[in-house]
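Hi everyone, thanks for coming along. Let's take a friendly walk through one structure together, a few residues at a time.

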Amino acid sequence: MRRSAILFALVSLLLPITVFSQARTPEAAVNLFQNALKKGGSGDLDGAIEDYTRAIRLSSHFDASKSSGNSLGNFSTEGVTVIDPFTANAYNNRGLTRFRKNDFAGAVEDFDQALKIRPGVPDIYLNRAAALRAQGDLQGAMKDLDRAIAIKSDFFKAYNNRGSLKLDLDDPAGALIDLNRAIELNDRIPEPFYQRGYVYVHQKEYDRGIADFERALKLNPEMAWAYQGRGTAYMYKGKMMEAIADFNRAIELDPKIAWAYFNRGLAKVFLGQESEAQKDFDVCLRLRPEMKPELDSRITLARQLRRIGNLQN
């Protein structure tokens, strides 16, 4: 199991720049769209979903016999006779908002609708891939990322996401190719360095992993998962105090990172601090109960390795 987060890039679509939105979209729909963006930005996800839904409804023409009985939340493109491309943007953004609420199935449905209207927009394939991945459909996510890159060959976010996905699919060589390409296209964002760092950790090239995590942290000093990644690399190098310091910082920045508690606890077991380690394991399992089988096996391994003084496995 990977000790990294699903840090897929996602793209929110803004109001169309061209005049078609003004020509075909009621002003009220545009206002609702803008309000939804603000609400999503402030954390009012339910309010954003409601406003996007109303914007979709206003920007489309429906067969009343098919749509009149639908609630706003269940409304789809069935029965639509004319759809403004603006509507696709609203579907996309509602999908992103549902993704943020962990409603991955609802997000996929919205991205599906958006792609029916605007099948040539690579950003929507990127977003649907993230939702499919979150549902465990890795092959479906890969197809969408391939499609996004086929449409836009310099889409660095898609290369980053596909590289991360390839590592999940146990293809570290393919992951490196995509992540190197993402960095070649844009070396000013931390995510590809963070993802590549985990490829190197996977390959037991810990120093190269540390270098990439540090590059990510230079670009974003508050990237909690980069501290978690660097701490993991330090731990495998046997540098337990450095590892614990990084796990402490990761938890300070994001107290919900179960893997940071998992690994900090293992480092403490290796140091013989069993009672302190158990506190971390308890928090880890409160956050992610499904991690217990792996945690139990890793605790046993850490105790064995403590006796021989070597954690590189």
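Let's begin with Phe-33, which counts as buried at 0% relative accessibility. For that word, buried means under 20% relative accessible area, exposed means over 50%, and partly exposed is in between, using a 1.4 Å probe and protein chains only. Phe-33 is found in helix α2, residues 27–42. Helices here are DSSP runs of H or I with at least four residues, strands are runs of E with at least two, and both are numbered from the N terminus.

Before we go on, a word on the source. This is a predicted model, where local features need pLDDT of at least 70 and side-chain atom pairs count only at pLDDT 80 or more, while totals for chains, interfaces and linings use all residues. Residues are numbered from 1 along each chain as its sequence is written, and side-chain values use heavy atoms, with hydrogens and water left out.

Now the overall picture. The protein chain has 17 helices and two strands. Of its 313 residues, 52% are buried. Take the contacts, meaning heavy atoms within 4.5 Å, between residues at least 6 apart in sequence: 57% of them join residues at least 24 apart.

Back to Phe-33. Which residues form one aromatic cluster with Phe-33? They are Tyr-52 and Phe-86. Phe-33 and Tyr-52 are 19 residues apart in sequence, yet their C-alpha atoms are 5.8 Å apart in space. Here is the rule for rings: those of Phe, Tyr and Trp (its six-membered ring) pair if their centres lie within 6.5 Å, and planes under 30 degrees apart count as stacked, over 60 as edge-to-face and the rest as tilted.

By this rule, the count comes to eight aromatic pairs. One of them is edge-to-face: Tyr-194 with Tyr-198, at 5.6 Å centre to centre and 65° between the planes. Why are these two about one helical turn apart? Because Tyr-194 and Tyr-198 are four residues apart in helix α11, residues 191–202. Both tyrosines, Tyr-194 and Tyr-198, are buried.

Rings can also have a charge over them, and the test is that NZ of Lys or CZ of Arg is within 6 Å of the ring centre and within 35 degrees of the ring normal. Lys-152 lies over the face of Phe-155, 4.8 Å from the ring centre. Likewise, the charged end of Arg-181 sits over the ring of Tyr-159, at 5.8 Å from its centre.

Next, how do helices pack? Two packed helices are described by the angle between their axes and the distance between the axes. The axes are lines fitted to C-alpha atoms, for helices over the stretch in contact, and angles run from 0 to 180 degrees between N-to-C directions. The axes of α11 and α12, residues 206–219, come within 8 Å and cross at roughly 165°. That makes α11 roughly antiparallel to α12; the cut-offs are under 35 degrees for roughly parallel, over 145 for roughly antiparallel, 65 to 115 for roughly perpendicular, and oblique for the rest. The α11 residues that make the contact include Tyr-194 and Tyr-198, our ring pair, and those of α12 include Tyr-206 and Phe-213.

On the other side of our story, α10 and α11 have axes that come within 10 Å and cross at roughly 155°. So α10 is roughly antiparallel to α11. Among the residues that meet are Leu-176 and Leu-179 in α10, and Phe-193 and Val-199 in α11.

Let's visit two threonines in helix α5, residues 85–100: Thr-87 is found there, and Thr-97 has its place there too. Thr-87 is buried, with a relative accessible area of 0%. Not counting residues up to four places away in sequence, Thr-87 touches Ile-56, Ser-59, Ser-60 and Ile-117. Thr-97 is buried at 6%. Leaving aside neighbours within four places, its contacts are Leu-45, Ala-48, Ile-49 and Tyr-52, and Tyr-52 belongs to the aromatic cluster we met earlier.

One last stop, in the loops. Is Asp-170 buried or exposed? Asp-170 is exposed, with a relative accessible area of 55%. Asp-170 lies in the loop between α9 (156–168) and α10 (172–185), and its phi is near 60°, a positive value in a residue other than glycine. Lys-204, in the loop between α11 and α12, also has a positive phi, near 65°. Thanks for listening!
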